[in-house]
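Look at the sequence and the model below before reading on, and try to follow the chain from one end to the other. The paragraphs after it move from the surface to the fold, and then to the residues that pack together inside.

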Amino acid sequence: MRATELADGLGVHLVCAFVDPSGYLAEFDAAGTRTAGYIDPQPNPESLFPAADVRSALQAVLGIPGDTWSLRVLNGSVPEALARLADSTGASAIVVGGPRHGALATLSRLLEQSVSARLMRIQRRPVIVVPAP
């Protein structure tokens, strides 16, 4: 919701993103097409939430996608995918949610940098972190 308020206040189009970390995308396929596949043959709980459900949830809050917002479905590492999307769209900033709470989220942060911390290291545009409710 905060990203929507920010985009509205700046008069810019909001590009929402759903990243499936278990997938990969062959962006420069020889035939000129984009193909997606999975690195891990085991089902990933994060990939079991279909992008169509994400779009429906966003549409319930933001209305019909169009002039004010759109959704992009990406694959691979979350920070790298978001940075590529920001580069390709000429984004003025990237807005991400703050760290999740709970033991599993804490363990995950010990093993791997947060999305916002990694984004700040790999690209130059501002990263706005919205605290968890």
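The accessible surface of this protein comes to about 9,000 Å², and carbon and sulfur atoms account for 58% of it. The model is a predicted one, which should be kept in mind throughout. Of the 133 residues in the protein, 25% count as buried.

Turning to the fold, the protein has five helices and six strands, and from the N terminus on these elements follow one another in the order α-β-β-β-α-β-α-β-α-α-β. When the contacts with a separation of 6 or more are considered, 62% of them are accounted for by residues 24 or more positions apart.

Where do the nonpolar side chains gather? In soluble globular proteins, nonpolar side chains tend to be buried together. In this model the largest nonpolar core has 11 residues in all, namely V19, L74, A81, L82, A83, L85, A86, I94, V96, L119 and V127. The elements that give two or more residues to this core are helix α3, residues 78–89, and strand β5, residues 94–97, and of the elements it is α3 that gives the most, with five residues.

One member of this core, L119, can serve as a guide to how the parts come together: leaving aside its neighbours within four places in sequence, L119 is in contact with P79, L82, A83, I94, V96 and V127. Apart from the largest core lies another core, of five residues, among them A7, L14, C16 and L62.

A residue of strand β4, which covers residues 69–75, offers a second place to look, and this residue is S70. Is S70 buried or exposed? Its relative accessibility is 17%, and because buried means under 20% relative accessible area, S70 counts as buried. Beyond its neighbours within four places in sequence, S70 is in contact with H13, L14, V15, C16 and P65, and two of these contacts, L14 and C16, are also among the residues of the five-residue core.

Finally, not every nonpolar residue is hidden, as a patch on the surface shows: L6, L10, V12, V95 and I128 together make a nonpolar surface patch of about 360 Å². Of these residues, V95 is found in strand β5, the strand that also gives two or more residues to the largest core. V95 has a relative accessible area of 32%, so this residue is partly exposed.

Notes
Residues numbered from 1 in each chain as written. Predicted model: local features only at pLDDT ≥ 70, side-chain atom pairs only at ≥ 80, totals over all residues. Heavy atoms only, no water. Helix = DSSP H or I, 4+ residues; strand = E, 2+ residues; numbered from the N terminus. Buried < 20%, exposed > 50% of the residue type's maximum accessible area, 1.4 Å probe, protein only. Contact = heavy atoms within 4.5 Å. Areas by Shrake-Rupley, 256 points an atom, 1.4 Å probe, with all protein chains shown as cover. Core = buried A, V, L, I, M, F, W, Y, C linked by side-chain atoms within 4.5 Å. Patch = residues over 30% accessible without salt bridge, like charges linked within 9 Å, V, L, I, M, F, W, Y side chains within 5 Å. Salt bridge = Lys/Arg side-chain N within 4 Å of Asp/Glu carboxyl O.
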